[in-house]
Amino acid sequence: MPPPSLPIISDVVEKGFCCGCGACAGVCPTTSLALTLDKYGELKPGLGTGCISCSLCARVCPFLNGNANETTIAQDKFGGQTGLQHNAVTGVSLDAYYGYTHDADARWAASSGGLTTWLLSALLKSNQINGALIVAPTGKSAPLFAYQIARTPEAVMRSAKSAYYPVNVSEVMRTIRETPGCYAVVGLPCVIKAIELARKQLPVFRDRIVFTVGLVCGQLKSSHYSNYLARRVGVTDAVKHACYRKKEHGRRASDYLFQCETVSGQVSRSLPFHAIGHVWAHDWFKVHACNACDDVFAECADIVLMDAWLPRYAEEDRGGNLVLVRNSELDRCLRNGAAKGDIHLEPLAIDEVIESQRGVVQNKRYGLQLRLDLMERQGLSVPTKRSFPSSMGATKAHGIQGLIFKNAVRLKYLANNLTRNAASSDLAPATERKLKMIRTVIRAQTRLASWLGSCPWARADMANLPLERQRCKFF
Ligand SMILES: Cc1cc2nc3c(=O)[nH]c(=O)nc-3n(C[C@H](O)[C@H](O)[C@H](O)COP(=O)(O)OP(=O)(O)OC[C@H]3O[C@@H](n4cnc5c(N)ncnc54)[C@H](O)[C@@H]3O)c2cc1C
Ligand code: SF4
Ligand code: SF4
Ligand code: SF4
């Protein structure tokens, strides 16, 4: 008998909108789905034998049209709590903070201020959870990182730092189904959305996953990104460990370093972020589904943590976190930690949280509209997304900035496709030449747009806009 046609394969994977979260495989009762890296270095599920057409995989997919969106999920989950405020960009929240752990070693080992590691450890120590689903190095070259279940604070500590590498939750979700207990899950917004959909579908996940810890996400990189970085630091051997966010005394936290170790034990030189900033800013090696993602602040998560990218914190070499809390129990946990002197916590306005992620918000909200348009023109079917008002063209200056922004989004989409289609980590000379040209044009446009933002004519023009729309300026 031919295998059944699954909506997640025909409508999500084959249409290019699978983010590789693995929730479909994690809920499958017959373990018929398995995730593997495709030629683009992105994780995708494939159907094996035994499918009983139960449709569970479809009902938990964060990218399948027709499933609840982030706003609806968040309303169902948090609606009715007292003290909840709503913001169109961040979703709902109880409180916002800047903070970091007072454990100097843990802060130094973390991506930002180490509050994610601290929070999970605190929940384990107080027996509020028996395990945390974290992403940690495997010590192997393939995969370099994987979801694992940490049952001690020491194991949580080994997961410190962000892994810009494809990982999926299928295995750990299967373990949760088989092993009673209370768990917390750390994840990117799409993973947290999938977990929330799974909690709605299956009581076993509703009962056992008691906290979801989101991370703000601008984009995820394919596995080719890590190969590319390894080549940039002169490594040709297989890599067994990669650190994307090494800190250095006296170096601003945002200029973190990449370093890797080969299977033969050779430790590479360090590569600073400023040397590869364009790879992030221009979407090289970005997982294609991220082009269709509109959730910046993990709107379905109980808490979301991010980097403290505000000018007054970004100079700090030890790093810091901004935090949005939506669950009162986690809010209490943070406040208790601060009262005991374990962590530093200071209240912050939501506007400042948004300001810290301005580029990501522009890209995932206003850029999204342009990318969806490009996808339609390419003959791709376009996923249904929440719609967000755009302030493009509200004034003369805004209109010109909007045109520049549109062009930059197009060029970034092109750069993403060029690097995504690169057969291996080595970019062909012709691809390199095209990417160089794209970089030059975007740089010139960015200068023009920022000059426009500072010239008196444009400033006067902008001043006529309500404050809320001024914040949406494009560069
Ligand atoms: C792909 C990606 C994109 C991001 N984009 C942004 C952004 O645009 N802006 C921003 O402010 N912050 C972003 N972050 C979040 C930021 O890098 C930090 O993870 C966050 O500030 C928490 O820092 P911390 O010091 O508290 O974490 P730590 O205490 O260092 O703990 C790190 C935690 O992250 C988890 N983790 C690591 N990699 C992954 C992964 N791939 N998927 C799921 N969990 C993972 C680990 O399990 C661990 O619990 C991104 C993170 C990732 C993984
Ligand atoms: S339809 Fe059900 S059995 Fe078939 S792959 Fe999906 S989850 Fe598994
Ligand atoms: S659930 Fe996740 S891995 Fe499965 S098809 Fe949907 S996006 Fe892809
Ligand atoms: S940008 Fe969206 S789809 Fe991509 S990894 Fe982040 S949350 Fe997932």
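Me: Two strands pair if DSSP finds at least two bridges between them, so which residue stands opposite Cys260 in S11?

Reply: Strands in a sheet pair through backbone hydrogen bonds, and they do so in either a parallel or an antiparallel way. Here Ala242 is the residue opposite Cys260 in S11, and the pairing of S10 with strand S11 (residues 257-262) is antiparallel, over 5 bridges. The labels count DSSP runs from the N terminus, helices being H or I runs of at least four residues and strands E runs of at least two.

Me: What should I know about the model itself before going on?

Reply: This is a predicted model, in which local features need pLDDT of at least 70 and side-chain atom pairs count only at pLDDT 80 or more, while totals for chains, interfaces and linings use all residues. Residues are numbered from 1 along each chain as its sequence is written, chains are lettered from A and ligands numbered from 1 in the order in which they are written, and side-chain values use heavy atoms, with hydrogens and water left out.

Me: How many strands form the open sheet that holds S11, and what packs on that sheet?

Reply: The sheet is made of 3 strands in the order S10-S11-S12, with antiparallel pairing. Strand S10 (239-246) and strand S12 (271-272) are the edge strands, each pairing on one side only. Helix H11 (residues 223-232) packs on this sheet and touches S10, S11 and S12 (contact means heavy atoms within 4.5 Å), with a direction at about 85° to that of S10. Such angles run from 0 to 180 degrees between N-to-C directions, the axes being lines fitted to C-alpha atoms, for helices over the stretch in contact.

Me: Which strands stand at the edges of the sheet of 8 strands?

Reply: That open sheet has mixed pairing and the order S7-S6-S8-S9-S13-S14-S5-S15. Strand S7 (145-150) and strand S15 (343-347) stand at its edges, and because each has a single partner strand, one side of each lacks a neighbour in the sheet. On average, neighbouring strands of this sheet are turned by 25° against each other, direction ignored. Within it, strand S8 (residues 183-187) and strand S9 (residues 209-215) pair in the parallel sense over 5 bridges, and Ala184 has Phe211 in S9 as its bridge partner.

Me: Where should I look for an unusual backbone?

Reply: Most peptide bonds are trans, and most residues other than glycine have a negative phi. In this structure a cis peptide bond joins Ala142 and Pro143, with omega about -5°, and Pro143 is in the loop between S6 and S7. Ser53, although not a glycine, has a positive phi of about 55°.

Me: Which residues surround ligand 3 and ligand 4, and of what class are they?

Reply: A residue is near a molecule if one of its heavy atoms lies within 4 Å of it. Around ligand 3 the residues include Cys18, Cys19, Cys21, Cys24 and Cys61, and the shell has 8 nonpolar, 2 polar and no charged residues. Ligand 4 has around it, among others, Cys190, Cys217, Cys290, Cys293 and Lys364, in a shell of 8 nonpolar, 1 polar and 1 charged residues. In these classes Ala, Val, Leu, Ile, Met, Phe, Trp, Tyr, Cys and Pro count as nonpolar, Asp, Glu, Lys and Arg as charged, and the others, Gly among them, as polar.

Methods:
Two strands pair if DSSP finds at least two bridges between them.
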